Each structure stands twice: as structure tokens, then as C-alpha cells.
Amino acid sequence: IRKFIRRHKAAVAAGVVAIVSLAAGAGLAANEARAAARERDVALSVSEFLTELFEASDPYSEERLDTLRVGALLDLGTARARDEFAERPALRARMLGALGRAHRSLGSLPTARSLLEEALTTTLEVHGEDALEVAAARHEMARLLAEEAEYAEAERLYRAALDVRRRRGTVTEQAETIGWLGEMLRVQSRFDEAEPLLLEALELRRERARTSGEAEPLAASLGMLASYHQDTGDYASAESLRREALDIRRSAFGPGHPLVADALASLATVLFQLQRFEDAAAAQEEALAIYRTALADPHPKLASALNVLGVILADVDELERSEAALEAAVDMRRRLYGDEHPGVAVVLNNLAYTLRMRGDVERAEAVYRESLAMNRRIHGDDHIEVAKLLNNLASLLGAGGRHAEAEPLGREAVAIMQ
């Protein structure tokens, strides 16, 4: 089994590293000490469960760990968790939550949702509203809901989790929920609410890294704050944060890890905004190569990498490759999220631009209109994404001499932006 795991570090990491994170260490503050005691109570059972789970995969070929095998491994884990821990609901909930996180990391969002919902329901029944275990389960459910753009319910769960974690949780637990809540608010363009949360999470994680060596949470917070700076136009600060996060991850995980790909892909976006297009393309190609090796198809990060690469290629006039990458990204996001999702709308907008640059004006207009209608349904008529699509469509129509159609769209876009 050790040989199996050594050969497939990246794939196993994508499917299983999320399964268990045990807190321990001498010299922790009171909350950290209590958390360590809680974890020790279940650590042995968790360790034995995972070891036996991997041993069950041993008949599989060691030449390649493909998506079907990872999925079969996790399905086996789910069945065993329900069977072997049937009389231990607290531990069963923990296992189901861990397996839900693993499915989320693989992009299997419907399965992840079912497992995380079951874990949350069971944890509530066992521990009650004010338990840290419930806060953790709510946090994980909120992360999935935010990924699926169910922001209102995700925010409710994040804030409920944060209330408990601020009062009773560890610094690590507090920073986790503070950071992810801030990230979700940023995605919704609620920048005034997002910034203080993102700064607080980063401060907590820098201090934690200094005292305990926890590197990856710090890299994650650096990335979240960098995204905020990109959204608000401070690209120099964003690049500095992105490079710091990339250095941390390369040092911690080596060059071929999916988290390194995440950092490269994120760096590519800010390099693109700085109009350093060749550097951006190189970083994005490197990220995509890692993702193709390490992740399943479809996967949210593969879809994002294809989208960003398509945008970059359009700006260096590789329009045929841009269209192919964006078509693949649209297809993958639809397979992941369905036809009605903000991520689908974003890629459609980018695809429409590439089609326009290629001279396929008729199809570009149709795709712009599809993205505009989707954004209206998702965000309402006064959202910044609606304004962007109105402006893009007005520009296309105006360039074709259809000024009477373009003018009201442009006026509506300006009204939203004001």
C-alpha cells in the first residue's frame, strides 16, 4: 500500500488528503488543547478505517490510478462508513463528511452534497446546535453551496459556523470560516464586507504559520486577498501575494501538485490583467498540464483553467485555440453545474468575445444574449455582471451599425454602473 500511495501522490491527494486533518501540538492555547483532545478520541478509528480502505484498493493496477478507481475507492468508503459505524453516529458523520469533502475535491458535486448534508444532519442530532462539530459540518456544507452559487444559504451556514467558532473554536477554525466567508462575499462583489474578513483571516494565518508551521492555510488566504485586489484594480499587490502563495506551495508540495497548479493559474490571471500576456499563457499552460495529470474530467479547476487559457489566447490572437478551450470550458461547466450557473455565464461571455474576434458575429451575438439572459436570472437586473454583458452586446451591435438596438442597452449598462 505504501508503494501504491507513493506512485500516485497527486491523485491520492486530490481524492483523499481532504479526508482527515488532525489538530495537535504542544503549547496550544486552551481551545487548541481541547481540540487536540477531541481529535485523539477518534484518531485511531479514523486511521484504521483509512488504512483498510486503501488496502482494499490493492488489487487495482499500480500503473495508473484513474478516476473510476478513485470513485470506486470512495464509494467503498461510503458503504463501509455506514455499515461499520452504524452504531457510532458521531464517527459515521465524521467519515461521511470526510468522504463528502473528497468528492468535492474531485468535482463530484452531487455526491459531495448528499454526503455533506447527511453528515450535517447526523452531527446536529448527535451534538446539538452549539457544538464545534456542527460548526465544522456547516462550514463544509457552506463551501459546497457557495461553489454551486447558492449564496444565501451558504452565507447563513457560514455565519452560524463562525458564531460558534469565534466563541469556542481554535485560531485555525476561526480563520478558515472567516476566510471562506470573505471569499464568498468577494465573489458576489460585496467588497466592503469582504475586505475586513479577508485581512483578518490572513493575519490569523500568518501568526499561525509562524507558531506552528501551517503553510497551506496561509497560501490559501494570500490567494483570497489577491483575488480581492484583482477585483478592485490593485494588480501590483495581487501579483506579490500570488507569487508568495506559489512559493509556499512549491516548497511544501513540490512542482506537480494540484495546489501548485492552483497558484500558477491564479498568477496567470493577474499577469493577464497586467498585460504580460506571454507570461500569463506560460503560467496557465503549466497549470493546465498539472490539472490534466492530477484531476478527473470533469473537474471545476480544469474548467476554470480552460476558461482562463481561452481568454489569454484570444488576447495573443490565437483565436482558434481560444475558441476550442472556451468551448471545452462551457461543456465542462455545464456537465458540472447544469445549464444555469454563474460560471457557465462567464465562459459564454468570453466565448462570445472570441467569436466576435474571429468574425462570427451572428454566433457571437447569440452567445452574448444567452449569457446576458442567464445573468439576469441568476443575479437580477442591477448586477455588475449584467452591466458588463449589456455593454459587450451594445458594442457588438453598434459596430454592426445597429445603433437603435445598441443605445438602450448602453444606457442600461451605465445606469447599473452608477
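The following exchange introduces a predicted model of a single chain.

Colleague: How many helices and how many strands are there in the chain?

Modeller: The chain has 418 residues, and 50% of them count as buried. As for its secondary structure, strands number 0, while the helices number 20.

Colleague: Which helix gives the most residues to the largest nonpolar core?

Modeller: The largest nonpolar core has 95 residues, and those with the most contacts inside it include Met 141, Leu 181, Tyr 291 and Leu 393. The helix that gives the most to this core, with 9 residues, is H13, residues 258-273.

Colleague: Which residues is Leu 393 in contact with, leaving aside its neighbours within four places in sequence?

Modeller: Leu 393 is among the residues with the most contacts inside the largest nonpolar core. Once the neighbours within four places in sequence are set aside, its contacts are Glu 365, Tyr 368, Arg 369, Leu 372 and Leu 409.

Colleague: How far apart are the end C-alpha atoms of helix H16?

Modeller: Helix H16 covers residues 319-337, which makes 19 residues, and at 1.5 Å a residue these should span 27 Å. The distance in the model agrees with that expectation, the end C-alpha atoms being apart by 26 Å.

Colleague: Which helices do the buried residues of H16 pack against?

Modeller: The buried residues of H16 include Leu 319, Leu 326, Val 330 and Leu 336, and also Glu 323 and Arg 333. The helices that the buried residues pack against are H6 (109-127), H7 (132-147), H15 (300-315), H17 (342-357) and H18 (361-379).

Colleague: Which residue follows H16?

Modeller: The residue there has a positive phi, near 90°. The residue that follows H16 is Gly 338.

Key
Residues are numbered from 1 along each chain as its sequence is written. This is a predicted model: local features need pLDDT of at least 70, side-chain atom pairs count only at pLDDT 80 or more; totals for chains, interfaces and linings use all residues. Side-chain values use heavy atoms; hydrogens and water are left out. Helices (H or I, at least four residues) and strands (E, at least two) are DSSP runs, numbered from the N terminus. The expected span of a helix is 1.5 Å times one less than its number of residues. Buried means under 20% relative accessible area, exposed over 50%, partly exposed in between (1.4 Å probe, protein chains only). Contact means heavy atoms within 4.5 Å. A nonpolar core is a set of buried Ala, Val, Leu, Ile, Met, Phe, Trp, Tyr and Cys residues joined through side-chain atoms within 4.5 Å.
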